[in-house]
Amino acid sequence: MQLVTKIVAAYLVIVGLAVFLNFIATPLYHDGSPDYPTWKILNWFMAVAVLIILAVGFMRKRMLDSAGEEGASTLDHVRGSFVFYGGVVLAMLFFWEWFWTLNPDSETGEAVTSHMVYFPLVDALFTVLAFIVGKRMWNAGNGFQS
């Protein structure tokens with residue numbers, strides 16, 4: 001089980017790093033067209049990672065809530081809540097944005113430009129949560145929680 005945990009943790013960190021680097025590099029290589037071929041591929045990997053982040057956040061929050069006040073510190077509860085609720089927001093925004101890119105004719109006009117605002121927020125939140133959950137899972141694979 002530890003091997004699976006380490007593989008999933010590495011997947012999250014690698015995808016998080018790819019999103020981080022591509023987010024920074026996109027203005028350098030993008031030709032100004034409405035297509036973003038690198039993001040189209042990367043979004044599939046992000047979708048899997050978002051579901052992992054959401055599932056791990058839910059399981060962690062549930063574990064902390066069932067432990068009660070004696071079992072976990074306030075800081076643990078804050079961290080668990082941030083990952084869980086951040087994962088919920090990430091999933092809502094990511095899948096809304098991604099489904100829109102899969103069917104761009106569904107919206108026209110000013111709604112199209114709003115997506116240029118949301119994707120940077122999604123990418124930033126994704127990177128932070130992927131690194132946090134990946135690190136936590138990697139440490140859990142070592143036999144201790146952080």
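Two residues count as being in contact when heavy atoms of theirs lie within 4.5 Å. In this predicted model, residues 24 or more positions apart account for 72% of the contacts with a separation of 6 or more.

The overall layout is easy to describe. The chain has four helices and zero strands, and its elements follow the order α-α-α-α from the N terminus on. Of the 146 residues in the chain, 34% are buried. The surface exposed by the chain comes to about 8800 Å², and 72% of that is supplied by carbon and sulfur atoms.

A word on confidence helps before going into detail. The chain has a mean pLDDT of 85, with 84% of its residues at 70 or more. Helix H1 has the highest confidence, at a mean of 94, while helix H4 (residues 110-141) has the lowest, at 84. Where pLDDT is low, the predicted coordinates should not be read in detail.

What forms the nonpolar patch on the surface? The members are Val13, Leu17, Phe20, Leu21, Phe23, Ile24 and Phe131, and together they have about 590 Å² of accessible area. Helix H1 (residues 2-29) gives the most to this patch, namely six residues. One of the patch members, Ile24, sits in helix H1. Ile24 counts as partly exposed because its relative accessibility is 48%, which falls between the 20% limit for buried and the 50% limit for exposed.

Next comes Thr127, a residue of helix H4. Is Thr127 buried or exposed? With a relative accessible area of just 9%, Thr127 is buried, since the cut-off for that label is under 20%. Leaving aside residues up to four places away in sequence, Thr127 touches Gly16, Val19 and Phe20. Phe20 thus turns up twice, as a contact of Thr127 and as a member of the nonpolar patch. Thr127 also has a partner in the backbone: a polar atom of its side chain lies 2.8 Å from the backbone oxygen of Asp123.

Two further pairs bring together residues that are well separated along the chain. Ala18 and Thr127 are 109 residues apart in sequence, yet their C-alpha atoms are 8.9 Å apart in space. Ala18 belongs to helix H1 and is partly exposed, with a relative accessible area of 30%. The second pair is Ala140 and Thr5, with their positions 135 residues apart in sequence and 7.6 Å from C-alpha to C-alpha. Ala140 is found in helix H4 and, at 30% relative accessibility, counts as partly exposed.

Back in helix H1, there is another threonine to look at, Thr26. Thr26 is buried, with a relative accessible area of 9%. Which residues does Thr26 touch, not counting residues up to four places away in sequence? They are Tyr36 and Trp39. Tyr36 is 10 residues from Thr26 in sequence, and the two are 8.8 Å apart in space, C-alpha to C-alpha. With Trp39, the link goes through the side chains, where a polar contact of 3.0 Å joins Thr26 and Trp39.

Charged side chains come last. Side chains of opposite charge can pair when their charged atoms come close. The count of salt bridges comes to one. Here the side chains of Lys61 and Asp65 meet, with 3.2 Å from N to O. Why are Lys61 and Asp65 separated by about one helical turn? Because they are four residues apart in helix H2 (residues 37-71). The two partners have unlike surroundings in terms of accessibility: Lys61 counts as buried, at 15% relative accessibility, whereas Asp65 is partly exposed, with a relative accessible area of 45%.

Technical notes:
Residues numbered from 1 in each chain as written. Predicted model: local features only at pLDDT ≥ 70, side-chain atom pairs only at ≥ 80, totals over all residues. Heavy atoms only, no water. Helix = DSSP H or I, 4+ residues; strand = E, 2+ residues; numbered from the N terminus. Buried < 20%, exposed > 50% of the residue type's maximum accessible area, 1.4 Å probe, protein only. Areas by Shrake-Rupley, 256 points an atom, 1.4 Å probe, with all protein chains shown as cover. Patch = residues over 30% accessible without salt bridge, like charges linked within 9 Å, V, L, I, M, F, W, Y side chains within 5 Å. Salt bridge = Lys/Arg side-chain N within 4 Å of Asp/Glu carboxyl O. pLDDT = per-residue confidence, 0-100. Polar contact = N/O pair within 3.5 Å; in protein donor to acceptor, adjacent residues only side chain to side chain.
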